[in-house]
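Thank you all for coming; please take a moment with the sequence and the model on the screen before I begin. I will start with the overall picture and then turn to one strand and its neighbours.

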Amino acid sequence: MKKGRTRPNSLLSRRSKTPLRAGLTPEALADSIIHNLHIAQGRIAKTATRNDWYMAVALTVRDRIMERWMRTIELYMGSRQKSVSYLSAEFLIGPQLESNLYNLGIYDEMVAAVESLGQEFDFVLDQEREPGLGNGGLGRLAACYIESMASLRYLGVGYGIRYEFGIFRQMMNDGWQVETPDKWLRLGNPWEITRPEISFTVPFGGHTEHTTDRRGDFTVVWHPEYSVRGVACDIPVPGYRVNTVNLLRLWKAEAAESFDLQAFNEGNYYGAVENKVASENITKVLYPNDQITAGKLLRLQQQYFFVSCSLQDLFRVHFTRGCKIEEFHRLNAIQLNDTHPSIAVAELMRLLVDVNRVDWDTAWEITRNTFAYTNHTLLPEALEKWPLPLFARLLPRHLEIIFEINRRFLERVRVQTAADGPALERLSIIDESGERSVRMANLACVGSHAVNGVAKLHTELLKTEVLGDFYRLSPEKFVNVTNGVTQRRWILQSNPKLAALISSRIGDRWVTDMEGGLPALEPFADDAQFRKEWRQIKFENKVKLALLVLQRCAVDVNADSLFDVQVKRIHEYKRQHLNLLHVIRLYNKLKQNPAASVVPRTVLVAGKAAPGYAMAKLIIKLINTVADCINSDRDTGHLLTMAFIPDFNVKIAQIIYPGADLSEQISTAGKEASGTGNMKFAMNGALTIGTLDGANIEIREAVGPENFFLFGLTADEVVRTRKNGYDPMEYVRQNDELRQIIEQLRDGYFCNGDKDLFKPIVDNITGPDPYMIMADFDSYVKCQEAVEDAYRDEEEWTKRAILNVARMAPFSSDRSVREYAKKIWQIEPVRI
């Protein structure tokens, strides 16, 4: 180098002296984008693809997260702070770029930086593929909670599975759901940091040997048939405008030995990679079809795989911090998000007793004080049970441990209570009726110090029905923590114009403190100018949603119509078919009198059916068939339109929720644990039509009965109606409109006279009708008429919508996480 010249510091921004990976000005961000485009992507601007630009922008944002993340880790590793590990089979985190920009407080700066480089920021956002790590409410709830934990400065880790193909992409073929692979990782994931040095061996199958160790103590040695290697893949989760960055650690399955060279040299090319294929299958797909034995086996493999990796990782960190094993429960709180990770109870006992040589009683004390269990379902079929032969084949040592846990537990119950034989049978972890099986919910209850439901009604039903015997045995264990969703994703990010309008009147405290900030909005419901601005934003959101429907469904909808929306997993208890019966009634009404005075209505439905759930898939086909008939009929014009939006995900949800006028929350009372879609709709100003089910009850109490359209039987009335000899056809005979609809479906009116196509649905709702469709139909219709009457008065409707939003503060995930921290985890925020 010539004398007098200095080497340029490549780590400094060209236009500022700020470190290249830390600057937050538009100029510094633009420099960093170009740097990442050159260095990370190996592209120049002229040849860069849209994905190259997205990757460069995302890596620039990740750079700004890293310093905060390292500070969080340093504080945790150098302290004795207690942390939370949230074990969940799903984390439906959604697109990360926009969310991280909001949380870092550099959204506007990044828009300016990208546009200064000649790129359209919206095109960059659209390039991001949504992580296929969840299906519905369970996974989205987990994502909201880990974001709220970071925003509230609680130290925590989310543990789950890195699904290569997620659940599936939902395509439509002649109205039928078709599942195709969701190749969300095809172009890479800039948020992920793979850590091959953090990997653990997970054993499966084989047999156990009962023996003695060198000291003569009894011990059990598990001789597995095969093992799989779990590799950590990390995604940082920054809190909103704070320095706390928590961790989402997902496990990827690999073969312990991925290539058999000897087999390859012998010409057995498939055999050479057979172990690799079999091992990697474990993390290929979320919720493999478990209608077949191979699917059941794979699902249990998935659950044990990620639980074992997570617990081994927790021990690694615990010992790295210099902590003793006897302190494990004092420094670690583990939340089991539903029954999927409940095998963790047996695995923690195995790691303590077999691996770390802790005596049984001490190990059980540590285990019970470490775990807490969240139940998310009232449906018996969703409380997982595994056939004993299958369980023994895959996890022989864990079955022995479960037998011993069960023996000691039942013996204690016999000694301490007057429980009779039937009660003991219900409490037992082993179901002895019919094919013997392991009850995973019972294992979670026995092995946890706290059990919580996710809405007040749900928790009461757990206490009295689903887990009643456990409640009577240990009432102090049971608490309620009603679900919540993060307002930062579901208002600030999804509905930025509404967020700006709210903040223009009451400030932005609500973004971090809903309960302290949002109620101040309520007086503006009486402000005519505010209502006008509110309606304009709603209309613009509806235009955006109408464009989505046109693009996805080729259906042209009227943005001035009432947008009546039901989006959720397709399941009979969620009653998408009840909604459809009402749509057919409206269609019949218009056919009989095309000049009838009706409120124009657009009915939108979205959601995925499990691949093996035939009835749910048939419901989707029926929705599409009826929609095709309505949309092609000139008599309905723009007075009634219907569309099924395929491949519902977080990105689509962020368009749907802000554009909805009416939120359909119409599950059979006593079947929905909580629901979170109801909260997202209400936070965006949609009014709810619903039953007294799940969190609907608490939402109705919060927003006011006058701002909620209530219909249907209560949970108690459902039970009573069943006991009194429920006859669905009696309701059909008494209702001419309902009778006409049933006859149309039976006669194949909507499917060219094919009487067999929808016969299973008709037979189900007029025969056993397990979800009380016929019983609730008339009440639902009358409630929908009340909706129409209310919608005709736009000022009153807008006022109700504003009050809905102003009174939704209790349904923030921040409130939920604070309750978990206080009631269950016993942790405090840590300022970084």
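**From the whole protein to one strand**

The protein has 832 residues, for which a compact globule would have a radius of gyration near 28 Å, and because the protein has 28 Å, the two agree. Please keep in mind that this is a predicted model. Along its principal axes, the C-alpha trace spans about 90 × 90 × 60 Å, and buried residues account for 61% of the 832. Of the contacts between residues at least 6 apart in sequence, 75% join residues at least 24 apart.

The secondary structure comprises 35 helices and 22 strands, and I would like to dwell on strand 21, which covers residues 687–690. Which way do its residues point? L687 and I689 point one way, while T688 and G690 point the other way, and all of them are buried. In general, side chains in a regular strand alternate between the two faces of the sheet.

Now to the neighbours of strand 21. Strand 20, residues 662–665, pairs with strand 21 in the parallel sense over 4 bridges, and within this pairing E664 has I689 as its bridge partner. Strand 22, residues 708–710, also runs parallel to strand 21, joined to it by 3 bridges, and here the bridge partner of I689 is F709.

Finally, the connections: strand 20, helix 27 (residues 677–683) and strand 21 form a right-handed β-α-β unit, and strand 21, helix 28 (residues 696–703) and strand 22 form a right-handed β-α-β unit as well.

Technical notes. Residues numbered from 1 in each chain as written. Predicted model: local features only at pLDDT ≥ 70, side-chain atom pairs only at ≥ 80, totals over all residues. Heavy atoms only, no water. Buried < 20%, exposed > 50% of the residue type's maximum accessible area, 1.4 Å probe, protein only. Helix = DSSP H or I, 4+ residues; strand = E, 2+ residues; numbered from the N terminus. Pairing = 2+ DSSP bridges. Right-handed = clockwise from strand over helix to strand, strands pointing away. Rg over C-alpha atoms; globule rule 2.2 N^0.38 Å. Contact = heavy atoms within 4.5 Å.
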